Amino acid sequence: MSQEDIKQKAVKGVFWSFCERFGSLLILFTANVVLARILTPEDFGLVGILMAFVMISQILIDGGLGNALIQQKKISTLDCSTVFYTNIAVAVGCYMTLFFGADAIAGYYNTPLLAELIKILGIVVVIDAFGAVQNNLLMKNVDFKRITIVKVTSALVSSTIAIIAAVCGLGVWSLVVQYVVNSVIRSLLLWLMSSWRPIFAFSKISFVSLFSFGGPIMLAGLLSEAYRNLVVLIFGKCYTKADVGYYSQAKHLQDVPVTSIMTIVNQVTFPIFSKLQDDKEQLKRGLSRSVKVLTFLNFPLMMALVIMAEPIFRLVFGEQWIPSVPYFQWLCGGFGLLLVIHNTNINALKAVGKSKIVLLLEIIKRAFGLGLMFLFIYLGFDAISIMWAFAISSFVEFFLNGYFTGKYAGYGILSQMRDLIPNLIVALVASAAAYSLSFINMHYLLLLVMQAITFVMVYLGVMKIAKVESFNYLVAELKSKLKK
């Protein structure tokens, strides 16, 4: 495949991945608003508790084997069938564990209804396993147009049925119905969209080969998920429930843009980089272009959210949630700013087959993050000051990831800094211009609009005047698409 073909696949992949992510997000967000007006917070809380068990099960089911299928240069029908049957076997095992452990889960939370809910909701892990290989093959081929059709359609159908169920008085079961229907529709559509079909065969050699790469990826995923949940538990143990609430609300809002961007980055860059794994020069150029374009988009978004955090919270949540603003600003500026670079580095390491390095990095980063957090707590820092730990951890992560990406992909720390600094400087200039408006006495809605307009105009204006490469590249790409 030529460099031009790969470039075109990458551009189309980003476009359709963007459509899939934000299309699904818009549908689910709208449905959530409607359901929130019908159901109670307790209903959402019950399903939220159970989804934590489901998410861990899904990480175990994939076992990193999906990543292995995407990373491998050549895969056979036997390889895919081996992963297919492995996924189903592990999924059934996970579901049986949830089924027979339902009473224990309900007893731990002193909520008998949880036992009934998990026995039905847990079925999604088995249903999802039936379409996992087809989804991975579409991703491997960077066919995000079909993935977009699958996910947007399943989100729309399941959300509509959930709203009807809620109106009919099914209560918390309407949320369970939403998840189950979403999984059923998604798996059915994946079978329709993919030409691959499993054969009745299993290869131990194929499993060992794929798991040697995918196993460490699975463990890294489990560590990341455990770390995310442990942070909340530590907050709840060491600080007040109000602090936990303010942090959680800030994290939920920050997750919308950050997770969306991260999902797009992961979906597109990993299969593209995997295609370039044998051509280090081309891979290096692809990494450089990715960092320039992604930071061109992510830096201004994160900095704009930091500057406009207070009016955003007043508009979305109301005055009572203003104490969440500092948490949100630290999460965007200290953590979200470098996240796309972290994910690009990790995807590059996965693409060249260094899954054990990915696991090693995950262990080091999470141990460092937790150690730093405990140190800050021991020294008596308040809850907001703990956000310093996240910022420092993210900064250290940049150098750790960059070192290994430089070693194995030829795109190290200095190269990455050269590529991101121009975008960072322009974003800081735009931030300063937008922040200066906060000293003018005006209604927060007007302030929000004025800051947004000022930020965009200054950012794009300086980019054009300074002729920053990432801006010129995106403008050229846009013009070429419009001519077509």
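Here is a walk through the structure above, from the overall fold down to a few single residues. Keep in mind that this is a predicted model.

Start with the secondary structure: the protein has 20 helices and zero strands. Its radius of gyration is 23 Å, close to the 23 Å that the globule rule gives for 484 residues, so the protein is as compact as a globular protein of that length. If you'd rather think in box dimensions, the C-alpha trace spans about 65 × 55 × 50 Å along its principal axes.

How much of the chain is tucked away? Buried residues account for 49% of the 484 residues. As for how the chain meets itself, take the contacts between residues at least 6 apart in sequence: 83% of these join residues at least 24 apart. On the outside, the protein exposes about 22700 Å², and carbon and sulfur atoms supply 70% of that area. Charge is worth a look too. There are 39 positive and 25 negative side chains, and the centres of the two sets lie 9 Å apart.

Now zoom in on helix H8, which covers residues 144–167. With 24 residues, H8 reaches 34 Å from its first C-alpha to its last, close to the 34 Å expected at 1.5 Å a residue. Scan along H8 and you'll come across a series of buried residues, among them Phe144, Ile147, Thr148 and Val150. Further on, the buried positions in H8 include Ser154, Ser158 and Ser159, along with Ala155, Ala162, Ala165 and Ala166. After H8 comes Gly169, with a positive phi near 90°.

Helix H8 also leads us to a residue in helix H7. Asn135 lies in H7, which runs over residues 123–140. Leaving aside neighbours within four places in sequence, which residues is Asn135 in contact with? They are Ile147, Lys151 and Leu190. Ile147 is one of the buried residues of H8. Is Asn135 itself buried or exposed? Its relative accessible area is 17%, and the cut-off for buried is under 20%, so Asn135 counts as buried.

For a last stop, jump along the chain to helix H17, residues 387–409, where you'll find Ser393. The reasoning runs along similar lines here: Ser393 has 13% relative accessibility, so this serine counts as buried. Once its neighbours within four places in sequence are set aside, Ser393 is in contact with Phe368, Gly369 and Leu372.

Methods:
Residues numbered from 1 in each chain as written. Predicted model: local features only at pLDDT ≥ 70, side-chain atom pairs only at ≥ 80, totals over all residues. Heavy atoms only, no water. Helix = DSSP H or I, 4+ residues; strand = E, 2+ residues; numbered from the N terminus. Buried < 20%, exposed > 50% of the residue type's maximum accessible area, 1.4 Å probe, protein only. Contact = heavy atoms within 4.5 Å. Rg over C-alpha atoms; globule rule 2.2 N^0.38 Å. Areas by Shrake-Rupley, 256 points an atom, 1.4 Å probe, with all protein chains shown as cover. Lys, Arg positive; Asp, Glu negative; His and termini not counted. Charge placed at Lys NZ, Arg CZ, Asp CG, Glu CD. Expected span 1.5 Å × (residues − 1).
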